[in-house]
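Subject: Structure for you to look at

Hello,

Here is the structure I said I would send over. My notes on the sheet and the helices follow below it.

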Amino acid sequence: MTKIIIYTGLSLPFSEAKEILDSHGDVEVIYKRPIKRGDLNLALKENPDIIGIIDGVFHQSSAVGHKEILNAIKKGIKVYGASSMGALRASELDVLGMTGIGYVYNQYASGEVDSDDDVAVMLDSDTLEALSEPLINMKYVFANAVEENIITEDEKDELLAIAKETFYPKRNYAQTLSASNLDASKKDKLIDFIRQSPDIKKEDAKKLLHHIKMR
């Protein structure tokens, strides 16, 4: 029996995660809420073979520690990270055995992003619904909008400066566009583009699950 523990629920709802990777045959998959300090030590008592870290808490509780992850790796457990806290920790521990997956991980690993603020969101602690927009998603979307000639490089920089200066629980597209100097026509085009753009954190979470499924 292969036991897999996945920490998510925010970047990817449990119901959608189970459509990709769920218990079957000789595989048991256990989904848990966003990881916090101390959770991995408890998880080790369940003797998992694989641990996937997607979401984790930053400010509500202490974040999962590096030593906890390294302790799991030393015990022979394969630890993967993507999307949010998982991407951040994987970028810090990839040389020590943690495997990072996806766009967000690569942004951290390359040094393009270096702050946990980029993936931080305000969430409803009961439903795990995101109540704000992560900066990493906004960077991804606005960069693509420049490529599609919807906004200019200077306009992208202005939008990101506004978003960066906004405390993460209040960060969202509506507030950012409202505070910008974009004209109404360009705002409308950008709003349409935003609505059609993928949620990169969610896509990375899916990639992690597919990677584990195909291991």
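At roughly what angle do the axes of helix 4 and helix 5 cross, and within what distance do they come? Please keep in mind that this is a predicted model. The axes cross at roughly 40° and come within 8 Å, with helix 5 covering residues 103-110. Angles under 35 degrees would count as roughly parallel, and 65 to 115 as roughly perpendicular; helix 4 is therefore oblique to helix 5. The crossing of this pair is right-handed.

As for the residues involved, helix 4 brings Ala-87, Leu-88, Ala-90 and Ser-91, which meet Val-104, Tyr-105, Tyr-108 and Ala-109 of helix 5. By class, the contact of helix 4 with helix 5 has 7 nonpolar residues, 1 polar and no charged.

Now the sheet. Its 5 strands are arranged in the order 2-1-3-4-5, with parallel pairing, and the sheet is open. Strand 2 (27-32) and strand 5 (99-101) are at the edges; each has a single partner strand, so one side of each lacks a neighbour in the sheet. On average, neighbouring strands are turned by 20° against each other, direction ignored.

Within the sheet, strand 3 (residues 50-53) pairs with strand 4 (residues 78-82) in the parallel sense, over 4 bridges. Ile-50 is opposite Lys-78 of strand 4.

Helix 4 also connects the two parts of these notes: helix 4, residues 85-93, lies across strand 3, strand 4 and strand 5, and runs at about 120° to strand 4.

Regards

Technical notes. Residues numbered from 1 in each chain as written. Predicted model: local features only at pLDDT ≥ 70, side-chain atom pairs only at ≥ 80, totals over all residues. Heavy atoms only, no water. Pairing = 2+ DSSP bridges. Axes fitted to C-alpha atoms, helices over the stretch in contact; angles between N-to-C directions. Contact = heavy atoms within 4.5 Å. Parallel < 35°, antiparallel > 145°, perpendicular 65-115°, else oblique. Left-handed = near helix turned anticlockwise from the far one by under 90°. Nonpolar A, V, L, I, M, F, W, Y, C, P; charged D, E, K, R; others polar.
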